[in-house]
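Work through the exercises below with the sequence and the structure side by side. Try each task before reading its solution.

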Amino acid sequence: MSDPIEPSTSSSSTKDPALLIHPRREPFEHGLLPIPKLIFTDPTQTLIPLKQKLIEQSSSHRVNSAAISEVLQISIDHARLVLDTLASVLHSESDPLLKSKPDVVDEVGADVNDLVLFLYIQSYKKLLPRTHKDSAAVADVWPSTSAFDGYLSALSPLQLVRSNSRRFVPSQADEEAHQLSYLQKHLANIVSLLAEPVEGEGEESLVLTMEKFEHLGFLFYFGDKGSEGYHLGQYAPFFANSDPDMPAVPVPAAQVHDWVLQNIVSSLENISERISPKENGPPSSSDQDVPMADACTSTNKGSMSVRGPSFIEGISKSSLIKQASDLKGSSVKVLNCHDSVIYILAPLRYATVYGCSDATIVLGAVGKAVRIEHCERVHVITAAKRICIANCRECMFFLGVNQRPLIVGDNHKLQVAPYNTFYGQLEEHMNEVGIDATINRWNEPLALGVVDPHDSLSHPAGVSDAQAESGSHLDPEQFTNFLIPNWYGGESEGSTKDNPFPLPDIYVASQQRNNNLGEVKQLLREAPLEENRKRELSTALHVYFKDWLYASGNIRQLYCLQGE
């Protein structure tokens with residue numbers, strides 16, 4: 001390889017955070033699909049000829065679902081899933097795929113270069129959670145109702161409760177180091193997928209054009225502002241002095257490889273230096289993984305890494321509301337929350353709910369992707385472009401989603417239902433992130449495999465062919481509207497006065513039958529009963545209402561009101 005280009009500073013300990021390279025988390029957190037035909041034992045040898053076949057399908061180097069289905073030998077449904085998933089994790093907001101309406105996505109198609117990088121990282125194995133130091137103490141907590149338990153559920157939500165600690169869950173720094181190490185190992189292959197030979201000089205003289213180089217932005221970025229930070233081209237020395245009116249001279253692939261590799265090494269050293277002092281002591285205030293203590297609606301606690309997502313963590317027997325002004329970034333992670341009600345009423349790009357139980361979680365408007373994982377008895381209400389549900393039990397999802405809900409892993413007794421709430425700024429937030437209220441595919445879940453090939457776990461023979469349990473439709477007689485309290489006013493006021501997603505007729509009819517509170521009040525007032533009998537009836541109704549509050553879990557919403 002050619003002489004490497006030195007990083008701008010020689011010591012990682014003194015390096016400006018804005019000059020460090022980072023992996024884009026989104027492809028690794030929201031872009032992995034458990035479809036066996038997308039996972040190649042030798043990605044480079046397989047993808048180079050596949051890339052050529054994809055290019056042959058279109059003169060514009062963009063391919064639709066039909067082409068993806070034909071070349072990869074997968075179903076048209078899975079091909080469209082690939083297209084939609086890729087769109088949700090793309091790095092370039094200017095890509096026409098992101099601006100396309102659902103009915104014209106196939107007309108636009110995906111850029112072949114982004115697609116092959118997306119397919120390459122399907123070989124990635126996620127970082128396993130650390131084993132809890134007292135694993136015997138938590139072994140009896142998670143109910144063993146599945147033959148696959150112990151193999152497929154890497155971490156149960158109730159185990160998380162008993163542990164009372166997050167140190168055994170991979171930290172953001174650990175995951176970043178793991179992703180960087182994967183990219184470091186595979187960098188030569190990744191660069192070769194984008195490179196092309198110099199005409200007349202054979203395969204040994206591979207080069208990257210400026211346009212091809214920019215596709216590395218699907219996997220990397222510079223700076224401390226998350227994936228919304230600085231693009232590679234702003235930091236790379238290769239094309240810095242290019243005349244905008246003239247095509248930039250292609251750069252040797254070896255030179256690009258060496259430059260990216262040295263930046264990866266520098267970042268890994270920086271992460272190691274940041275992690276080492278914290279291994280044997282409490283995390284400092286500058287740690288990316290500052291936990292959120294128990295909170296109530298009147299609190300404003302939270303943790304926010306400058307370049308990472310907002311964390312809402314460890315909420316127990318409380319209610320919490322977060323609005324747009326409370327969040328500094330565009331992504332949220334709700335971790336290990338139990339027996340609580342959490343409202344995140346903001347426009348978001350990504351949202352993750354992990355390891356929660358006995359909770360109701362309202363996610364405002366999520367324009368890229370939502371992932372719900374390892375949750376038990378959780379109600380999730382969200383308006384989103386797409387949602388993935390993995391390894392959950394007895395959960396209920398009230399959805400306003402533009403794409404089919406994806407269900408993967410070891411799930412049990414899931415229910416799906418149409419969206420059932422609103423808040424003042426909901427439609428404004430939906431418009432901001434690109435959610436179409438006229439399209440709601442809540443009732444078209446797509447179930448993939450029980451086994452996640454990205455989880456690094458061993459699995460019993462034969463399980464890999466099993467399909468995940470899908471979600472059943474909620475009985476319309478049990479469907480009710482969910483009321484979001486207006487505790488603050490102000491920011492929560494807006495133009496939305498009703499659920500923006502049209503309900504199916506059967507749910508509308510049921511709702512009309514059940515919304516008879518006014519009629520009941522009128523009948524009670526007009527009932528020909530003596531006053532003492534009316535008081536007895538009123539007392540009985542209050543008792544039944546209290547029983548319902550506890551049985552339905554809605555008592556959680558009163559915890560904080562009792563404290564005010």
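Two exercises with worked solutions follow. The model is predicted, so local features need pLDDT of at least 70, side-chain atom pairs count only at pLDDT 80 or more, and totals for chains, interfaces and linings use all residues. Residues are numbered from 1 along each chain as its sequence is written, and side-chain values use heavy atoms, with hydrogens and water left out.

**Exercise 1.** Find where N499 is placed and state which residues N499 is in contact with, leaving aside neighbours within four places in sequence.

Solution.
1. N499 sits in the loop between strand 20 (472-473) and helix 13 (505-514).
2. N499 counts as buried because its relative accessibility is 17%, where buried means under 20% relative accessible area, exposed over 50%, and partly exposed in between (1.4 Å probe, protein chains only).
3. Beyond neighbours within four places in sequence, N499 is in contact (heavy atoms within 4.5 Å) with Y419, N420, T421 and F422.
4. A polar atom of the N499 side chain lies 2.7 Å from the backbone oxygen of Y419, and the side chain also reaches the backbone nitrogen of F501 at 2.9 Å.

**Exercise 2.** Determine how far apart in sequence E176 and R25 are, and whether each is buried or exposed.

Solution.
1. The structure has 15 salt bridges, each a side-chain nitrogen of Lys or Arg within 4 Å of a carboxyl oxygen of Asp or Glu.
2. One of them joins E176 and R25, with the closest N and O atoms 3.3 Å apart.
3. E176 belongs to helix 9 (residues 172-194) and R25 to helix 1 (residues 25-30), 151 residues apart.
4. E176 is buried at 2% relative accessibility, and R25 is buried at 8%.

Conventions. Helices (H or I, at least four residues) and strands (E, at least two) are DSSP runs, numbered from the N terminus. A polar contact is a pair of N or O atoms within 3.5 Å; within protein, one must be able to donate a hydrogen and the other to accept it, and residues adjacent in sequence count only if both atoms are side-chain atoms.
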